[in-house]
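Biologist: Before we start, please put the model on screen. I would like to go through its charged pairs, its strands and its cores.

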Amino acid sequence: MKKNVLFFVLGVLSMVLVSATINYVPNKSTGEVNRERGIYLYIDCNPVLPYETLGEVKGRWHDTSFRDVKTSMAINVKKKYPDADAVIIYYVSGGIDRGEAIKFKE
């Protein structure tokens, strides 16, 4: 009986140790986001790491260039939420883009 318990405990311990060493494997949906003025810009994608939402910001009208929209979002996030790490940008057709300012959890 004691041998069975010992083998069970050793088996569980080895599974825990093996699973702790498995690394994240990139796949076709894995990528790196660009930064603008020190802020990560998530456009049509979501961060994988855990984060907290700090609040919402607004961008420029859509009649401007895409570059202007990105720059505007980064500037607005830095002004309103200086501790923010990134912004998730949501395209609003025919209106003002909005962004969700986020901070990654440590």
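Modeller: A salt bridge here is a side-chain nitrogen of Lys or Arg within 4 Å of a carboxyl oxygen of Asp or Glu. Keep in mind that this is a predicted model.

Biologist: How many salt bridges does the rule give?

Modeller: Opposite charges on side chains can pair when the charged atoms come close. One pair that meets the rule is Lys58 with Glu56, at 4.0 Å from N to O. By this rule the count comes to five.

Biologist: In the pair of Lys58 and Glu56, is Lys58 buried or exposed?

Modeller: Glu56 has a relative accessible area of 36%, which makes that residue partly exposed. Exposed requires over 50%. Lys58 has a relative accessible area of 52%, so Lys58 is exposed.

Biologist: Lys103 and Asp85 also meet in a salt bridge. How many residues apart in sequence are the parts that this pair ties together?

Modeller: The side chains of Lys103 and Asp85 come to 3.7 Å, N to O. Lys103 lies in strand E5, and Asp85 lies in the loop between helix H2 (66-80) and E4. Lys103 is partly exposed at 25% relative accessibility, and Asp85 is partly exposed at 22%. The pair therefore ties together parts that are apart in sequence by 18 residues.

Biologist: Which residues are joined into one network by salt bridges that share partners?

Modeller: Glu36 forms a salt bridge with Arg37, with the closest N and O atoms 4.0 Å apart. Glu36 counts as buried at 9% relative accessibility, whereas Arg37 counts as partly exposed at 49%. The network made by shared partners consists of Glu36, Arg37 and Arg67.

Biologist: Which residue takes a positive phi in the hairpin of E1 and E2?

Modeller: Strands E1 (residues 35-36) and E2 (residues 39-43) run antiparallel and are joined by two bridges. Arg35 has Tyr40 in E2 as its bridge partner. Two residues lie between the strands, and the one with a positive phi, near 55°, is Arg37.

Biologist: And which residue takes a positive phi in the hairpin of E4 and E5?

Modeller: E4 (residues 86-90) and E5 (residues 96-104) run antiparallel, with five bridges between them. Tyr90 has Arg98 in E5 as its bridge partner. This hairpin has five residues between the strands, and the positive phi, near 75°, belongs to Gly94.

Biologist: Do E2 and E4 pair in the parallel or the antiparallel sense?

Modeller: Ile43 stands opposite Ile89 in E4. E2 and E4 are paired over four bridges, and the sense is parallel.

Biologist: Which element gives the most residues to the largest nonpolar core?

Modeller: That core has eleven residues, including Ile39, Leu41, Met73, Val77 and Ile89. E2, H2 and E4 each supply at least two of its residues. The element that gives the most, with three residues, is H2.

Biologist: Which residues does the second, separate core include?

Modeller: Val57 belongs to the largest core; leaving aside residues up to four places away in sequence, Val57 touches several others, among them Met73, Val77, Tyr81 and Val87. The second core is separate and has five residues, including Tyr42, Ile88, Ile102 and Phe104.

Technical notes:
Residues numbered from 1 in each chain as written. Predicted model: local features only at pLDDT ≥ 70, side-chain atom pairs only at ≥ 80, totals over all residues. Heavy atoms only, no water. Pairing = 2+ DSSP bridges. Buried < 20%, exposed > 50% of the residue type's maximum accessible area, 1.4 Å probe, protein only. Core = buried A, V, L, I, M, F, W, Y, C linked by side-chain atoms within 4.5 Å. Contact = heavy atoms within 4.5 Å.
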